[in-house]
Amino acid sequence: MPKVFNWQLGREMEYPYEGKRPERQFAAVFNINRCIACQTCTMACKSTWTYSKGQEAMWWNNVETKPYGGYPQHWDVKALELLGEQPGWDASRASEQTPYGEDRGETLFEAAKTRANGSGQQALGYLPTEKEWRSPNFYEDTAFSKLTSKDGITETGTQLPEHKAWFFYLARICNHCTYPACLAACPRGAIYKRPEDGIVLIDQSQCRGYRKCVEQCPYKKPMFNAETRISEKCIACYPRVEGTDPLTEGDPMATRCIAACVGKIRLQGWIDDPQSPVYHLVKVAKVALPLYPQFGTEPNVYYIPPRWAPRGYLRQMFGPGVDHAIERYSKPDHELLGVLQLFGSTQRLVYSYKVEKDEVIGYGKKNQLVVRVPIEDPVIVRPEKHLNVT
Amino acid sequence: MEADKFEDPTDFELTHHVVPGDPDRDHIAEMAEAYIVEFKRMRWPDEEILAMFRNPNYAAPHFVYQERGEEYIADLLHRVSYSQS
């Protein structure tokens with residue numbers, strides 16, 4: 001198997017194809033500290049792409065409640081169990097190129113070779129059961145149906161089991177991995193990564209519904225459509241990224257889930273462009289971390305971890321950068337505060353930015369101004385002679 | 001009425017184990033404070049943030065509201081505002 005370099009692991013690893021990075025890599029940062037699971041992102045995706053027959057189970061975007069939730073149920077627990085206990089990262093090997101140090105464990109690709117040789121699997125995986133796919137948010141604290149008033153709000157609130165010790169919401173789309181396990185798994189070669197932006201797509205005309213992608217993607221984001229008998233997945237709203245939406249006259253736009261987020265938890269950009277605000281969050285400030293980097297796919301959706309959750313759980317989920325990320329995020333410097341204000345500030349894709357004393361300015365693809373946001377509102381105290389009523 | 005043969009009767013029962021938090025931390029209070037800091041950063045006025053905590057459709061903030069009460073949230077809003085000024 002060829003060797004490729006995975007910067008999140010800080011080492012080379014085995015992957016079925018030669019390493020070839022795209023011109024630019026699609027990336028996004030999701031700030032978990034702001035997510036209240038309103039599911040606007042989920043519905044924005046569904047109303048744009050997955051609204052027709054056979055798509056009842058197609059949740060390209062979902063928001064799940066950790067630690068009990070998951071779609072399909074238990075996806076991460078099962079992937080972690082398959083991988084087994086791992087030794088983690090050697091932090092003493094950290095450098096500018098390898099910010100978390102060097103991983104001493106085994107990726108899902110390497111585990112498939114050592115533990116599932118002859119199975120045909122390129123990445124160690126499993127097929128979720130029908131029951132696990134039946135509904136997003138099963139066992140979670142978001143749904144209740146008892147109506148006591150015309151607006152549907154109940155006196156008692158949630159009825160389903162809650163994990164009352166702590167919980168947080170994890171919004172998920174396809175990670176458009178640098179080394180996608182779905183792409184490696186497909187025996188038809190129907191999955192490809194676009195050289196211009198790194199978006200991973202399934203060629204619907206080539207797919208025959210073998211479900212190898214569903215089996216081997218550890219994040220379980222390719223989904224088998226029982227009606228069409230082929231698999232589908234998040235397409236990163238590529239027409240918007242290409243700038244073909246008439247609304248902006250050719251200017252690239254953020255995906256629907258990112259643009260629709262009312263909590264302004266999401267920001268889209270390019271992971272390999274030092275001008276991009278996403279680059280700053282991931283590689284400079286290091287407050288945004290990959291989801292389960294130990295799987296080895298180099299995922300490109302990054303998360304600002306929730307400040308309130310137990311650190312051990314977060315380290316398992318986001319790797320060894322958690323402590324630094326939370327410390328830095330809790331006391332943001334002026335530049336970081338500026339970049340954080342770009343979240344949800346415009347539908348247009350912000351390619352570069354400039355942080356000034358009082359505001360942050362975002363620029364588009366052609367270096368044109370796309371947004372201008374104040375960093376902190378001034379506090380104005382009215383003189384006592386005026387009535388101070390709010 | 002005949003029981004549904006296709007539905008496992010235990011499906012809706014909690015079968016999971018609690019994942020313990022850190023014993024010396026109040027995770028729920030930290031979560032409430034984080035939400036307030038974040039929504040203030042988005043320039044939400046205190047009254048709207050409090051309304052979000054009151055609304056059972058937003059399960060996480062409303063969970064804190066149910067567990068700790070409105071006075072607790074109002075006090076937390078005041079303390080966060082004071083620490084930011």
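**Exercise 1. Find the partner of A:Val360 in S17(A), then place both strands in their sheet.**

*Solution.* This is a predicted model.
Step 1. Look across from A:Val360 into S17(A): its bridge partner there is A:Val373.
Step 2. Extend this to the strands. S16(A) and S17(A) are antiparallel and share five bridges.
Step 3. Follow the connection. Five residues lie between the two strands of this hairpin, and A:Asn367 has a positive phi near 65°.
Step 4. Turn to S15(A). A:Val355 has A:Val360 as its bridge partner in S16(A). Four bridges link S15(A) with S16(A), residues 359-363, again in the antiparallel sense.
Step 5. Assemble the sheet. The order is S15-S16-S17 in chain A, and the sheet is open and antiparallel.

**Exercise 2. Which strands of this sheet stand at the edges, and why is one side of each left without a neighbour?**

*Solution.*
Step 1. Recall the order, S15-S16-S17.
Step 2. Count partners. S15 (352-355) and S17 (369-374) of chain A each have a single partner strand, so each has one side without a neighbour in the sheet.
Step 3. Add the twist. Ignoring direction, neighbouring strands are turned by 15° against each other on average.

**Exercise 3. Which residues of helix H9 of chain A are buried, and what covers them?**

*Solution.*
Step 1. Locate the helix: H9(A) spans residues 277-284.
Step 2. List its buried residues. They are A:Pro277, A:Val278, A:His280, A:Leu281 and A:Val282. The cut-off is 20 or more other C-beta atoms within 10 Å.
Step 3. Consider helix geometry. An α-helix has 3.6 residues a turn, so residues three or four places apart point the same way.
Step 4. Identify the cover. It includes strands S3 (26-31), S12 (266-270) and S14 (301-304) of chain A. Helix H12 (334-340) and S15, also of chain A, are among the covering elements.
Step 5. Look past the helix. A:Lys286 follows H9(A) and has a positive phi, near 55°.

**Exercise 4. What radius of gyration would a compact globule of 390 residues have, and what does chain A have?**

*Solution.*
Step 1. Take the inventory: chain A contains 12 helices and 17 strands.
Step 2. Apply the rule. A compact globule of 390 residues would have a radius of gyration near 21 Å. Chain A has 21 Å, which agrees.
Step 3. Check the extents. Along the principal axes, the C-alpha atoms fill a box of roughly 85 × 55 × 45 Å.
Step 4. Check burial. Of the 390 residues, 50% count as buried.
Step 5. Check the contacts. Among those between residues at least 6 apart in sequence, 60% join residues at least 24 apart.

Definitions and conventions: Residues numbered from 1 in each chain as written. Chains lettered and ligands numbered in written order. Predicted model: local features only at pLDDT ≥ 70, side-chain atom pairs only at ≥ 80, totals over all residues. Pairing = 2+ DSSP bridges. Axes fitted to C-alpha atoms, helices over the stretch in contact; angles between N-to-C directions. Rg over C-alpha atoms; globule rule 2.2 N^0.38 Å. Buried ≥ 20, exposed ≤ 12 C-beta atoms within 10 Å, placed from the backbone. Contact = placed C-beta atoms within 7 Å.
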